[in-house]
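I went through this structure with a short list of things to look up. The entries follow in the order in which I made them.

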Amino acid sequence: GISMFNSVQIGYLFLISNLISCMVMGFILPVKKKYKNIPYIKHKSNITLNIGNIFKSSIETSIKTCLSIGGFVTAFSVINNMLQHNFIFYQFTDKISQIFNISNEVVQGTLLGIIEMTNGCNLISTSHAEIFFKVLIISFLLTFSGFSIISQVYSFTYKFNISMKRYIFRKLLHGIICS
């Protein structure tokens, strides 16, 4: 709220709407299964670990994670820039803006925000649309988070049994409720 609109109140509005939408999601999502206490199993390993190896391993893992996330952000930012400066994309968003009587900046920001949230939110916040409309769309984008962040989540959770279709649907629902 402060960085995009220079308003503490809008920042609190984003925070409160996100918290309330999380609570609503908790009430409307079905409880699938109950978890039982799983006994702790101590794994034996032939590797002897010392504090130096653990420290080195944690630093290497954190650097790898930072590079991975940075790579996703860079890749999706490049895709956004390619789209934003593409004549066909401009024509497409222009037609949508004429049909729905919305400024082209807002349509572009929304579509680009669905791909990569940060650039889309920035484009919408600098548009000439009404503040209510901008806050509504940015609120959706902040909770949906964009395919860049969804890809980052998938890169860490692919080895677990998590349905990405269900995850994306719930992020979409969360964004709608938050808006």
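**Cysteines**

I looked for disulfides first, and the count came to 0. The model is a predicted one. I then asked how far the sulfur of Cys178 is from the closest cysteine sulfur. The closest one belongs to Cys22, and the gap is 7.8 Å, too far for a bond. A disulfide needs the two sulfur atoms within 2.5 Å, so this pair does not qualify. I also checked whether Cys178 is buried or exposed. Cys178 is buried, at a relative accessible area of 6%. Cys66, by contrast, is exposed, with a relative accessible area of 56%.

**Salt bridge**

Next I counted salt bridges and got 1. I noted which side chains make it: Glu60 and Lys56, with 3.4 Å from N to O. The cut-off is 4 Å between the nitrogen and a carboxyl oxygen, so the pair counts. Side chains of opposite charge can pair when their charged atoms come close. Where do Glu60 and Lys56 lie? Both are in helix α3, which covers residues 51-84, and they sit 4 residues apart, about one turn of the helix. Glu60 is partly exposed, with a relative accessible area of 44%.

**Further along helix α3**

I stayed with helix α3 and looked up Ala75, which is placed there. Ala75 counts as partly exposed, at 37% relative accessibility. I took its C-alpha separation from Glu116, a residue 41 places away along the chain, and the value is 9.7 Å.

**Nonpolar surface patch**

I then looked for nonpolar side chains on the surface. One patch there has about 1100 Å² of accessible area together, and its members include Ile2, Tyr12, Leu19, Met23 and Phe27. Which helix gives the most to the patch? Helix α2, residues 8-28, does, with 10 residues. I picked Val8 as a sample member of the patch. Val8 is in helix α2 and is partly exposed, with a relative accessible area of 43%. A patch member must have over 30% relative accessible area, so Val8 passes that part of the rule.

**Largest nonpolar core**

From the surface I went to the interior. The largest nonpolar core has 16 residues, and Phe5, Phe14, Ile138 and Leu141 touch the most other members. The elements giving two or more residues to this core are α2, α6 (117-125) and α7 (131-144). Of these, α7 gives the most, with 6 residues. I looked up what Ile138 touches once its neighbours within four places in sequence are left aside. Its contacts are Met4, Phe5, Phe14, Cys121, Ile124 and Ser125.

**Gln152**

I wanted to know whether Gln152, in helix α8 (residues 146-157), is buried or exposed. Gln152 is buried, with a relative accessible area of 12%. The limit for buried is under 20%, so the label holds. With neighbours within four places in sequence set aside, Gln152 is in contact with Ile69, Phe72 and Val73.

**Positive phi**

I checked backbone angles in two loops. Most residues other than glycine have a negative phi, and most peptide bonds are trans. Asn101 has a positive phi, near 55 degrees, and Ser145 has one near 85 degrees. Asn101 is in the loop between α4 and α5 (104-115), while Ser145 is in the loop between α7 and α8. I then looked up the accessibility of each. Asn101 counts as exposed at 72% relative accessibility, whereas Ser145 is buried, with a relative accessible area of 5%.

**Two phenylalanines**

Last, I looked at Phe100 and Phe132. Phe100 is in helix α4, residues 87-100, and Phe132 is in helix α7. Are they buried or exposed? Phe100 is exposed, with a relative accessible area of 58%, and Phe132 is exposed too, at 60%. I recorded one C-alpha to C-alpha distance for each. Phe100 and Ile114 are 18 Å apart in space and 14 residues apart in sequence. Phe132 and Phe89 are 26 Å apart in space and 43 residues apart in sequence.

Note on methods
Residues numbered from 1 in each chain as written. Predicted model: local features only at pLDDT ≥ 70, side-chain atom pairs only at ≥ 80, totals over all residues. Heavy atoms only, no water. Buried < 20%, exposed > 50% of the residue type's maximum accessible area, 1.4 Å probe, protein only. Patch = residues over 30% accessible without salt bridge, like charges linked within 9 Å, V, L, I, M, F, W, Y side chains within 5 Å. Areas by Shrake-Rupley, 256 points an atom, 1.4 Å probe, with all protein chains shown as cover. Core = buried A, V, L, I, M, F, W, Y, C linked by side-chain atoms within 4.5 Å. Contact = heavy atoms within 4.5 Å.
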